[in-house]
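Thanks, everyone. Let me put the structure up and walk you through how its parts pack.

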Amino acid sequence: MFAEVILAKVTPGLDKIYHYSIPKELEGKAQVGSQVIVPFGNAKRVGYIVGFVETSDVKGIKDIGEVLSPYPLFTRRSVELARWMAEHYYSFFMTALRVIMPPGTAHIEKRALKTKLRKPLYKELPTSNLKLQNKSPSYVLRTSEGKQIINYKKFELTKEQDKALASIKSDLDSGKFSVSLLYGITASGKTEVYLRAADLVVISGGSAIILVPEVGLTPQMIERFREHFGDILAVYHSERTMKERQSEWEAVALSESSVVLGTRSALFMPMKNLKLIVIDEEYENTYKSDQSPRYQTRDVAFHIAKSVNAAVVLGSGTPSVETYYNAESGNYRLLTLPKRIDDRALPPVKVVDMRDEMKARNYNVLSRGMREEIKSAIQKKEQVILFINRRGYFTFVMCRTCGYTIQCPKCSASLIYYMNDRKLRCNHCNFESPAPVVCPKCQSTSIKFFGGGTQRIEQEVAQIVPKARILRLDRDTVKKKGMYENIIRSFISGSADVLIGTQMVTKGLDIGSVTLVGVVAADIGLNLPDFRAAEHTFQLITQVAGRTGRHELPGKVIVQTYNPDHYAIKYSSSHDYLGFYKEEIQSRRQLGYPPFSSLINIIIHGENEKNVEQVSKELVKFIKKRLRAGDEAFGPAKAPINKLKGNFRYQIIVKGKDPENIRKAVVSGLGPIVKLGRVRISVDIDPYNML
Ligand SMILES: [Zn+2]
Ligand SMILES: [Zn+2]
């Protein structure tokens, strides 16, 4: 018998399976999932065993040198999953496998080959704490005869919640793969349904994964689950330290934890007897991996759930157009929560046309109405959330004489003015330069700063209400670990009156004293060259509007826009998802966009623009030759962000009815091009970001 080994370090030529024989002393130790040291050429390499074969045609097979891991790091099923992901998302097999392996494994690889006298790489996996294993949530009591009694002191479910839960229960009982869409407006009680569904699973001895988008994983959400599930809950996300993640991973591997709450990487936790995967706000772009393998969490969840006959629940108040279409066409079961808990009203939304403000000579970023409402809320000791999807102070700098705008020299993007250090900075690559006094092009002094980001809103609010305690939540204020949680916690505890932030403030917060939500610039994303621009705008406004009026105090929303007639603005201001959906799906059908087609976005990038352009042209020719009739390849064209971190970027978009057909055409077209290696190519299947 021979072991199939994949090398840890990948390059295009080496991403394949190598055969090694197993010396007597390693028999039994070498398993699928073992991290090993193997001889390779004249050197030693770290690799992983991904399978075994009875016979091999390879001549001169060598022995495995050493088995490093005391226990398997992944299962046969994980190997299959990684294979599927590598093929489907066009990544290296090893890169896909890495997504599934326990945290910290890559770190060990680096140490493994270094010294002779090395510290132990692994501590033995502690044997399970039997007390914790298969422990039930704290409210499950057992009688002396061993019967389970559920001591559930929580509130009653609404009729709709009850119905949704019953439907999920029947799916769980069937023991078959199923998908439901739980479409419930903000504050309609979706989380309670997730909790109860996970309960059903745990009580029957299974395990559940609850995924939330990064911005939705607030301390409030975690506390709610912690309170409910106690010790059997594992919390897994990138904000946690490596040590914490490792310990959560072990708890799951030892079956001490049977419910996992986390962001997309939590999908790959080593669950035993997985019965349920919940994806909250499945439309969120953080569910789409932005590095290879560029997987879509929802589709990987389907793949996993199919292989173990689990139920998937997608939940959202603003489902992606594709998902709602699938529910409408009967591919997913549609469950609806149409009302807020206790029949609370959705907050009224006032749309302010910023052109009218200009006419009235108000050149501030905040309209007169918004300023008044902020003042009044703070006077009443209530809280305010202001949302603007842009960081910094001024968002572009332009010369009034010649029209020149100051761009990043390495990216095709405007430089942003930051007030704290009075510098211009690129939000893509962090390039910095002092703010100019004269135009770099024509030397005119009429240089002007425009646009408003979070910093500017912060300053304006401080001017309107000098005594207001203000918190700002954006990528600049959460650079240090733990800051995100700190800011959210202090706002929840009431030690600030106003929370100003980017999309980090749009989800997950459930605070009774928030009575005003202001959308400062609703149009920011509306004009992006992306067919999902309207959908994203609708979702952001609806979600942030849903942060108010959730408890006793009624809420109010103000949306500032230059496009008050745009359908995304109109429908979001009347909380009308179905209205938006109907209009959007019609336009998708007319233009042949998803769900009526599949897309692949190919970005060709490199430092030499000529090379990039030439390779792009060759590539599109190769692909076109392989496409079926009716499928199309557009480009090459300069990508919307044409230059990024010093790299020129060209784009090819492939569109077709059958996702498998276009994927094959692209992959086989890439073959001859990739070998040339002159530029880098990234392939994004079902892209979420078209820039
Ligand atoms: Zn100028
Ligand atoms: Zn830049």
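Start with the contact between H4 and H5. On the H4 side you have Gln-161, Ala-164, Leu-165, Ile-168, Lys-169 and Leu-172. They meet Glu-192, Val-193, Arg-196, Ala-197, Leu-200 and Val-201 in H5. Sorted by class, that contact has eight nonpolar residues, one polar and three charged. Keep in mind that this is a predicted model.

Now the geometry. H4 covers residues 159-174, and H5 covers residues 190-203. Their axes lie 10 Å apart, at an angle of about 30°. So H4 is roughly parallel to H5. The crossing of H4 past H5 is right-handed.

Next, the sheet beside these helices. It is an open sheet of seven strands, and the pairing is parallel. Read across it and the order is E10-E11-E9-E12-E13-E8-E14. Which strands stand at the edges? They are E10, at 233-236, and E14, at 333-337. Each has a single partner strand, so one side of each has no neighbour in the sheet. On average, neighbouring strands here are turned by 15° against each other, direction ignored.

Look at the E10 edge. E10 and E11, residues 259-262, run parallel and are joined by four bridges. Tyr-236 stands opposite Gly-262 in E11.

Back to the two helices. H4 lies across E8, E12, E13 and E14. Against E14, H4 runs at about 155°. H5 packs on the sheet too, and touches E8, E9, E11, E12, E13 and E14. The direction of H5 makes about 170° with that of E12.

One backbone detail in this region. Asn-273 sits in the loop between E11 and E12. Its phi is near 55°, a positive value in a residue other than glycine.

Let me zoom out. The protein is divided into four pieces: domain 1 at 2-112, domain 2 at 141-342, domain 3 at 345-392 + 452-588, and domain 4 at 598-685. The centres of domain 3 and domain 4, taken over C-alpha atoms, are separated by 38 Å.

Now the N-terminal end. Here is an open sheet of five strands, with antiparallel pairing. The order is E2-E1-E4-E3-E5. E2, at 17-21, and E5, at 66-67, are the edge strands, each pairing on one side only. Inside that sheet, E1, residues 2-7, runs antiparallel to E4, residues 43-53. Six bridges join E1 to E4. Phe-2 stands opposite Val-53 in E4.

On to another helix pair, H1 and H8. H1 is residues 76-88, and H8 is residues 297-308. Their axes come within 11 Å and cross at roughly 145°. H1 passes H8 in a right-handed crossing. H1 brings Arg-77, Leu-81, Trp-84 and Met-85 to the contact. H8 brings Val-300, His-303, Ile-304 and Ser-307. By class, the contact of H1 with H8 has five nonpolar residues, two polar and one charged.

A third pair is H9 and H16. At what angle do H9 and H16 pack? About 95°, with their axes 11 Å apart. H9 and H16 are therefore roughly perpendicular to each other. Val-321, Tyr-324 and Tyr-325 in H9 meet Tyr-581, Glu-584, Ile-585 and Arg-588 in H16. That contact of H9 with H16 has five nonpolar residues, no polar and two charged.

Just past H16, look at the prolines. Pro-595 is in the loop between H16, at 577-591, and E26, at 598-606. The peptide bond joining Pro-594 and Pro-595 is cis, with omega about 10°. Another cis peptide bond joins Gly-635 and Pro-636, with omega about 5°. Pro-636 lies in strand E27.

Last stop, the hairpin that contains E27. E27, residues 632-644, and E28, residues 647-656, pair in the antiparallel sense over seven bridges. Phe-634 has Ile-653 as its bridge partner in E28. The hairpin has two residues between the strands. Lys-645 in this hairpin takes a positive phi near 50°.

That's the tour. Happy to turn the model around if anyone wants another view.

How values were computed. Residues are numbered from 1 along each chain as its sequence is written. Chains are lettered from A and ligands numbered from 1 in the order in which they are written. This is a predicted model: local features need pLDDT of at least 70, side-chain atom pairs count only at pLDDT 80 or more; totals for chains, interfaces and linings use all residues. Axes are lines fitted to C-alpha atoms, for helices over the stretch in contact, and angles run from 0 to 180 degrees between N-to-C directions. Angles under 35 degrees count as roughly parallel, over 145 as roughly antiparallel, 65 to 115 as roughly perpendicular and the rest as oblique. A crossing is left-handed if the near helix is turned anticlockwise from the far one by less than a right angle, and right-handed if clockwise. Two residues are in contact if their C-beta atoms, placed from the backbone, lie within 7 Å. Ala, Val, Leu, Ile, Met, Phe, Trp, Tyr, Cys and Pro count as nonpolar, Asp, Glu, Lys and Arg as charged, and the others, Gly among them, as polar. Two strands pair if DSSP finds at least two bridges between them. Domain bounds come from an automatic or database domain assignment.
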